Every structure is written in C-alpha cells, then in structure tokens.
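Colleague: Could you take one helix of this model and go through it closely, with the cut-offs behind each term? I would like one connected account that also follows what surrounds it.

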Amino acid sequence: MIVTIVNIAVKPENIDEFVKATVENHQYSIREKGNLRFDVLQHRDDPSLFTLYEAYESDEASARHKTTAHYLKWREAVEPWMAKPRQGIVHHVVAPPD
C-alpha cells in the first residue's frame with residue numbers, strides 16, 4: 001500500500017470553491033481501480049488548511065490517478081486558489097500490515 005499525504009494552503013476567499021472542487025475529485029477518486037482511501041480533511045484551527053490522505057494499492061495505481069480526467073480538472077481548477085504550492089509526501093505503511 002502507498003499513502004500520499006498532501007498538505008494544501010488555500011486562499012481564504014477561495015475556500016468554498018476549493019471544497020466543492022475537491023469533493024468532486026474525491027467522489028471520482030474513490031471509484032478508481034486500486035484506490036483504497038481518499039480522505040479530504042480541513043484543519044480545525046485554520047479552515048484555509050487542508051490535508052488529502054490518499055491510499056492506493058500500488059505505485060502504479062497512485063500514478064494512474066494523476067492521469068485521470070477528474071484529477072487533471074481538479075489540479076487546473078484549484079491551482080490559482082492555493083496560497084502556496086501544495087506539498088505531497090509519499091509514505092510506506094508500517095502498520096497496520098497490508
């Protein structure tokens with residue numbers, strides 16, 4: 001299993017638009033072959049900060065996600081709403097075991 005945690009800072013005036021676009025991306029992403037989980041989290045103390053938790057069966061499934069029409073649409077839409085470039089960090093899962 002491959003997990004990517006993406007941290008995103010959104011301009012305050014674009015939070016609602018970002019949420020709408022990201023929920024749409026989530027709805028398609030969870031239907032992808034190889035997707036195990038795709039969570040959209042909004043920070044409690046700062047509503048302009050978001051974390052995406054993406055779990056895929058393999059590197060290939062994760063890479064395939066980045067070629068889908070819904071991901072490309074999301075990426076283009078949300079880019080100008082970000083206060084700074086998003087940061088994605090790929091993780092290997094230690095526990096629980098696969």
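Modeller: The face of α3 turned away from its buried side carries A69, K73 and E76, which are exposed, exposed being over 50% relative accessible area, buried under 20% and partly exposed in between, with a 1.4 Å probe and protein chains only. This is a predicted model, in which local features need pLDDT of at least 70 and side-chain atom pairs count only at pLDDT 80 or more, while totals for chains, interfaces and linings use all residues. Residues are numbered from 1 along each chain as its sequence is written, and side-chain values use heavy atoms, with hydrogens and water left out.

Helix α3 covers residues 69–78, and H70, Y71, W74 and V78 are buried in it; helices (H or I, at least four residues) and strands (E, at least two) are DSSP runs, numbered from the N terminus. Seen down the axis of α3, its buried residues fall within an arc of 100°, so they line one face of the helix, the arc being that of the directions from the helix axis to the C-beta atoms. The cover over the buried residues of α3 includes β1 (2–9), α1 (15–29), β3 and α2 (59–65), where contact means heavy atoms within 4.5 Å.

Two residues of the buried face deserve a closer look. Y71 and W74 are 3 residues apart in α3, about one turn of the helix, and both are buried. An α-helix has 3.6 residues a turn, so residues three or four places apart point the same way. A search of the whole structure finds 3 aromatic pairs. The ring centres of Y71 and W74 lie 6.0 Å apart with the planes at 35°, so this pair is tilted; rings of Phe, Tyr and Trp (its six-membered ring) pair if their centres lie within 6.5 Å, and planes under 30 degrees apart count as stacked, over 60 as edge-to-face and the rest as tilted. Together with F18 and F50, Y71 and W74 form one aromatic cluster.

From α3 the account passes to α2, the helix in which H65 lies. H65 counts as buried because its relative accessibility is 1%, and, leaving aside neighbours within four places in sequence, its contacts include H70 and Y71 as well as N25, S29 and F38. The side chain of H65 also makes a polar contact with that of Y56, at 3.0 Å; such a contact is a pair of N or O atoms within 3.5 Å, and within protein one must be able to donate a hydrogen and the other to accept it, with residues adjacent in sequence counting only if both atoms are side-chain atoms.

The strand β1 is another part of the cover over α3, and 6 of the 8 residues of β1 are buried, so this strand is largely enclosed by the rest of the structure. β1 pairs with β3 in the antiparallel sense over 8 bridges, where two strands pair if DSSP finds at least two bridges between them. Within that pairing, I5 stands opposite Y53 in β3. β1 also runs antiparallel to β4, to which 6 bridges join it, and there I2 stands opposite H92.

Just beside β3 in sequence is the loop between β2 (35–42) and β3 (49–56), where S48 is found. S48 is buried, with a relative accessible area of 12%, and its side chain makes a polar contact with the side chain of D46 at 2.7 Å. Not counting residues up to four places away in sequence, S48 touches I8, A9, V10 and I15.
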